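Good morning, colleagues. I would like to take a few minutes to present one structure, and I ask that you keep it in view as I speak.

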Amino acid sequence: MTDTRSTCPYCGVGCGVIIESEGAQITGVRGDPEHPANFGRLCTKGSTLHLTASAAVTMQTRLLQPMQRLQRGSAAASVPWAQALDVAADRFARIIADHGPDAVGFYVSGQLLTEDYYVFNKLAKGLIGTNNLDTNSRLCMSSAVAGYKKTLGSDAPPSCYDDFKDAQCLFIVGSNTAWAHPILFRRIEDARRANPAMKIVVIDPRRTDTCEIADLHLAIQPGTDVMLFHGMLHLMLREGWTQPAYIARHTSGFDALERTVRDCTPDQVAKVCGIEPSALIEATRLFANSPSTLSLYCMGMNQSSSGTAKNAALINLHLATAQIGKPGAGPFSLTGQPNAMGGREVGGMANLLSAHRDLANAGHRAEVAALWGVADVPAAPGKTAIEMFQAAADGEIRALWISCTNPAQSMPDQATVRRALERCEFVVVQEAFATTATCAYADLLLPATTWGEKVGTVTNSERRISRVRPAVPAPGAARHDWSAVADFATRLEARLPRRAPGTLFPYTLDDPAGAQAIWNEHRETTRGRDLDITGLSWALLDTAGPQQWPCPEDQATGPATGPATGRSLGKARLYEDGVFATPDGRARFHNAAYQPVAEARDERFPFSLNTGRLRDQWHGMSRTGTLGRLFGHVPEPLVQMNGQDMARLQLGDGDLVQVSSRRGALVLPVRASTEVGPHQSFIAMHWGEEYLSGQSSSGERIAGVNALTLPVFCPDSKQPELKHAAVRILKAELP
Ligand code: SF4
């Protein structure tokens, strides 16, 4: 039996795993006791990874050969890799020649490794000359990115997991940590046990399992976070709970914000947020007056039409009270996916460039062009996730390459997304699993490696970079994403006017050496940047274990022997010196007024719909859906409603109801829940076509909760409002 150290592929906690294998079979998994994220623990999903890996192969849900579909709706036939990639290169080259580089787009995933992301970014922005490269991380973390950049100057979460034990007050906002980041929740429970004086405040419209450890739960009305935070600042000012010396020395823009929050009185906050003024006062007192306050936040803050304003309004509170840059204090966004951070680091989004450079900055574009050896990087903004599929639906984007994600289930407003996929002239889907809804729209299906087979790196929520190592060979003809993309890129390079003297993709394909060369190229782009990782060679990560960034060359000297020694070479906590990543070193207060949700409840659609995760499922279930025991917790789709609403509508547990929005309708069982307040409802995001089908408002067959959600997004982060739609719920009339 062989043990291989790697990383869990599910969530942004980034737990270390040890994969047990015999020959080409993964036989077991256990937590890595030396990994600083989890110290040997794993949650239900992580501890069953080995079972899902073998189930996927035995149930034949893996995609094992490149497959070409000559006609939409027909069966796909297997083709050799060379033929598949030549077909793709021909089609992309023709569309680019006829309609320009912005007629193609790439939609990738926070599940990809950093090396995969890097090659995609270079292909789109360096070789083709389009910024149409976006990711499902847009649905996950882009409001956190924009919030950090607007206030602290850089997309860098300033805190670390070790801060849990030093926090005297923990603010958990829009995060069901107990289910979505279970191992972090265990660490929070440990910290609470070690320090019973620690206060925990949970802010969430739902009373989730996370509330079980809360001293105070503020069940605010959906989308009212900015009003709550402004009201807290109003109170802090009134009570003299701010830190004027810190504000004067380390920040700018406070006066304008002070004027904005003047009207956010406790009575006003109570009315808008639906909470008692006394609860607001208590939460504010704890935040401002605790020796150290740490905020943890996630999708409830991010997936909103005012996601950036929410993030920034919370960070405002940390700046106003000097609750930042010291042990146990600071804003700390939790990453949903395992490598949303790594994707941001390589600039794998439509508005970003390598190493936290901005596409809108001409100097940054010139730096990246020089690093890649291309004449330029185009200035025209790329299409972000929602915009990309809308552009495809409008016929503006004609070819899409989709990797490691399932937009035909995960994107809001499914009817438009599916229309976009149907209208596209050429769709490539690069996937490990043959079962996703998006596969049905592919002209070309390319088999990808997945957990247990992949090689590279990922970055977790606390800026910690871990190695991902293969325990078994790739099954069938599956290839690493970076390798297939670099192979395609080289073929496309030969068909396009030259942008560089030599090849832009000189990597040894299908070989770990190729992935390591990509990593080294990426490291070099970070030299002198805020996330400088020039010190983090793979050799050092192998001997010193996972490391946080920044970790420049002169800071990183590895020990002589391994395996993971737990030596910490990077920076655990940022801004301890009070110098921020802005041009003048001062953090900026962000001044944005409260805006309600985009689609308010009304007489026709009188319920708020919230969406989110279950404890034991992941995304569209392509992996977790192969294992019966992961259905033990929640076996079937259902809509949760408040008991009072159900009584009023004469509904009982298990009754079938029709949930409809302006975009579509679903039929599913209802269940009374004390988790959701009056006029609210909740449906989990995981259930796809085989579990939960419905109809769009124009009669198309669609599936999953995103049949109901809307494509409205935050104007700054372009992150869609997946956490709120107005719906109607009625007893289903069955034929
Ligand atoms: Fe995997 Fe996240 Fe569970 Fe850790 S907490 S084992 S990273 S799913």
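I will take the domains, the ligand shell and one helix in turn.

This is a predicted model, in which local features need pLDDT of at least 70, side-chain atom pairs count only at pLDDT 80 or more, and totals for chains, interfaces and linings use all residues. Residues are numbered from 1 along each chain as its sequence is written.

Let me begin with the domains. Their bounds come from an automatic or database domain assignment. The chain is divided into domain 1 (2–58), domain 2 (81–137 + 342–534 + 547–552), domain 3 (142–334) and domain 4 (607–731). Between domain 2 and domain 4, 16 residues of the former are in contact with 22 residues of the latter, contact being C-beta atoms, placed from the backbone, within 7 Å. On the domain 2 side, helix H20 (414–423) gives the largest share, 4 residues. Helices here are DSSP runs of H or I of at least four residues, and strands are E runs of at least two, numbered from the N terminus. By class, this side of domain 2 has 6 nonpolar, 8 polar and 2 charged residues. In that scheme, Ala, Val, Leu, Ile, Met, Phe, Trp, Tyr, Cys and Pro count as nonpolar, Asp, Glu, Lys and Arg as charged, and the others, Gly among them, as polar.

I turn to the ligand. Which residues are the closest to it? They are Cys 8, Tyr 10, Cys 15, Cys 43 and Gly 46, within a shell of 14 residues; a residue is near if its C-beta atom, placed from the backbone, lies within 6 Å. Domain 1 and domain 3 each contribute at least three residues to this shell. Its composition is 9 nonpolar, 4 polar and 1 charged residues.

Finally, consider helix H22. The buried residues of H22 are Gly 514, Ala 515, Ile 518, Trp 519, His 522 and Thr 525. A residue is buried if 20 or more other C-beta atoms, placed from the backbone, lie within 10 Å of its own, exposed if 12 or fewer, and partly exposed in between. The buried residues cover an arc of only 140° around the axis, so they lie on the same side of H22; the arc is that of the directions from the helix axis to the C-beta atoms. The face turned away from that side carries the exposed residues Ala 513 and Asn 520. Among the elements covering the buried residues are helix H4 (114–128) and strand E19 (456–459).

Definitions and conventions. Contact = placed C-beta atoms within 7 Å.
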